[in-house]
Amino acid sequence: MTDPTQALSFGAAAADYDRFRPRYPEEALRWALDGLAAPARVVDLGAGTGILTRGVLALGHRVVPVEPDPGMRAQLAAATPGTTALAGSAEAVPLPDGSADAVLVGQAYHWFDREPAHVEIARVLRPGGTFAPIWNVRDERVTWVAELTRIAHLGYGTGDVTEKYADFGPAFTPVELGEFAHTTTLTPDGVIGMLHTRSYWLTATPAEQERIDRELRELFATHPDLAGRAAVELPYRTLVLRSRRR
């Protein structure tokens, strides 16, 4: 079970989360939903501020967002006209049995209590329905990105996703992995603003927050790939783990 303090730390930073967090590349979303003709009924589980919801809506699907944090639900409603998130969690999804063609999870699966979550997701999906967690993971093959991760204690990486989460339990078929290159362009202040929406920074002491910010500004001022640049391209590897409900 993950730390609930960290898992529910994002609501206080909901507006900045929605502003700075990277979107999901269209090709990754299409791969996650491969074989589903629009309009399919897609549940966005742990929907946050609706970044994934809006990406799936743009593909012509119907989306039901489910999110436990009221601050995140409020931001989703403000940023996604005509869409209201349901209060609920991966372990208690407020939807009928077999009512979804797909369940997607953007940047949230690692917070789930996995065994009860798998039971709930299998219950909500129709037979043959798709379950696909998705992550935007920083590409730490780039030296300054690896240093960014070290300074800000940025948690999971590519190996964590592909090795730790490769089995969704007996109700699901073997997991397939899709990987897609992706970048987002931010100012140095924008990168720091994005890192202020991470759970480690949000739950750190003021002294630790100050240390992170100081070292990040030093990185942007001194690294040869960053010094003097008004904007930087932050590279990601978008990972999709896709399975079907048996």
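A residue is called buried here when its relative accessible area is under 20%.

**Figure 1. Overall view of the predicted model.** The structure shown is a predicted model. Of the 246 residues of the protein, 55% meet the criterion for burial. The fold comprises eleven helices and seven strands. The radius of gyration is 18 Å, close to the 18 Å given by the globule rule for 246 residues, so the protein is as compact as a globular protein of that length. Taken along the principal axes, the C-alpha atoms fill a box of roughly 55 × 35 × 30 Å. Among contacts between residues at least 6 apart in sequence, 77% join residues at least 24 apart.

**Figure 2. Close-up of helix α7 and its buried side.** Helix α7 spans residues 143-152, and its buried residues are Trp144, Val145, Leu148, Thr149, Ile151 and Ala152. These residues lie on the same side of α7 because they cover an arc of only 165° around the axis. The elements against which they pack are the strands β5 (125-138) and β7 (232-244) together with the helices α9 (188-195), α10 (199-202) and α11 (206-222). His153 follows the helix and has a positive phi, near 50°.

**Figure 3. Salt bridges between helices α7 and α11, and between α9 and α11.** Side chains of opposite charge can pair when their charged atoms come close. Glu215 and Arg150 form a salt bridge in which the closest N and O atoms are 3.9 Å apart. This pair links distant parts of the chain, with Glu215 in helix α11 and Arg150 in helix α7, 65 residues apart. Arg150 is partly exposed, at a relative accessible area of 48%. Both residues also belong to a network of salt bridges that links Glu147, Arg150, Glu208, Arg211 and Glu215. A further salt bridge joins Arg217 to Asp189, with 3.0 Å between the closest N and O atoms. Arg217 lies in helix α11 and Asp189 in helix α9, so this pair ties together parts that are 28 residues apart in sequence. Arg217 has a relative accessibility of 46% and therefore counts as partly exposed.

**Figure 4. Salt bridge between strands β4 and β5.** The structure holds 16 salt bridges, and this view shows the one formed by the side chains of Arg126 and Asp101, at 2.7 Å from N to O. Arg126 belongs to strand β5 and Asp101 to strand β4 (residues 100-106); the pair links distant parts of the chain, 25 residues apart. Arg126 is partly exposed, with a relative accessibility of 27%, whereas Asp101 counts as buried, at 18%.

**Figure 5. Aromatic cluster containing Phe168 and Phe172.** The count of aromatic pairs in the model comes to eleven. One of these pairs is formed by Phe168 and Phe172 in an edge-to-face arrangement, with 6.3 Å from centre to centre and 85° between the planes. Phe168 is buried, at 1% relative accessibility, and Phe172 is likewise buried, at 2%. Both residues belong to one aromatic cluster, together with Tyr109, Phe112, Phe131, Trp135 and Tyr165.

**Figure 6. Surroundings of Ala122 in helix α6.** Ala122 is found in helix α6, which covers residues 114-124. With a relative accessible area of 6%, Ala122 is buried. Leaving aside residues up to four places away in sequence, Ala122 touches Ala171, Phe172 and Arg245. Ala122 and Ala171 are 49 residues apart in sequence, while their C-alpha atoms are 6.4 Å apart in space. The contact with Phe172 connects this view to the aromatic cluster, of which Phe172 is a member.

**Figure 7. Arg242 over the ring of Trp31.** Arg242 lies over the face of Trp31, at a distance of 3.8 Å from the ring centre. Residue 242 falls within strand β7 (232-244), one of the elements against which the buried residues of α7 pack.

**Figure 8. Ala166 in the loop between α8 and β6.** Ala166 is found in the loop that runs between α8 (158-164) and β6 (176-186). Ala166 counts as partly exposed, at 43% relative accessibility. Ala166 and Met72 are separated by 94 residues in sequence and by 28 Å in space, C-alpha to C-alpha.

Notes. Residues are numbered from 1 along each chain as its sequence is written. This is a predicted model: local features need pLDDT of at least 70, side-chain atom pairs count only at pLDDT 80 or more; totals for chains, interfaces and linings use all residues. Side-chain values use heavy atoms; hydrogens and water are left out. Buried means under 20% relative accessible area, exposed over 50%, partly exposed in between (1.4 Å probe, protein chains only). Helices (H or I, at least four residues) and strands (E, at least two) are DSSP runs, numbered from the N terminus. The arc is that of the directions from the helix axis to the C-beta atoms. Contact means heavy atoms within 4.5 Å. Rings of Phe, Tyr and Trp (its six-membered ring) pair if their centres lie within 6.5 Å; planes under 30 degrees apart count as stacked, over 60 as edge-to-face and the rest as tilted. A charge sits over a ring if NZ of Lys or CZ of Arg is within 6 Å of the ring centre and within 35 degrees of the ring normal. A salt bridge is a side-chain nitrogen of Lys or Arg within 4 Å of a carboxyl oxygen of Asp or Glu. The radius of gyration is taken over C-alpha atoms; the globule rule is 2.2 Å times the number of residues to the power 0.38.
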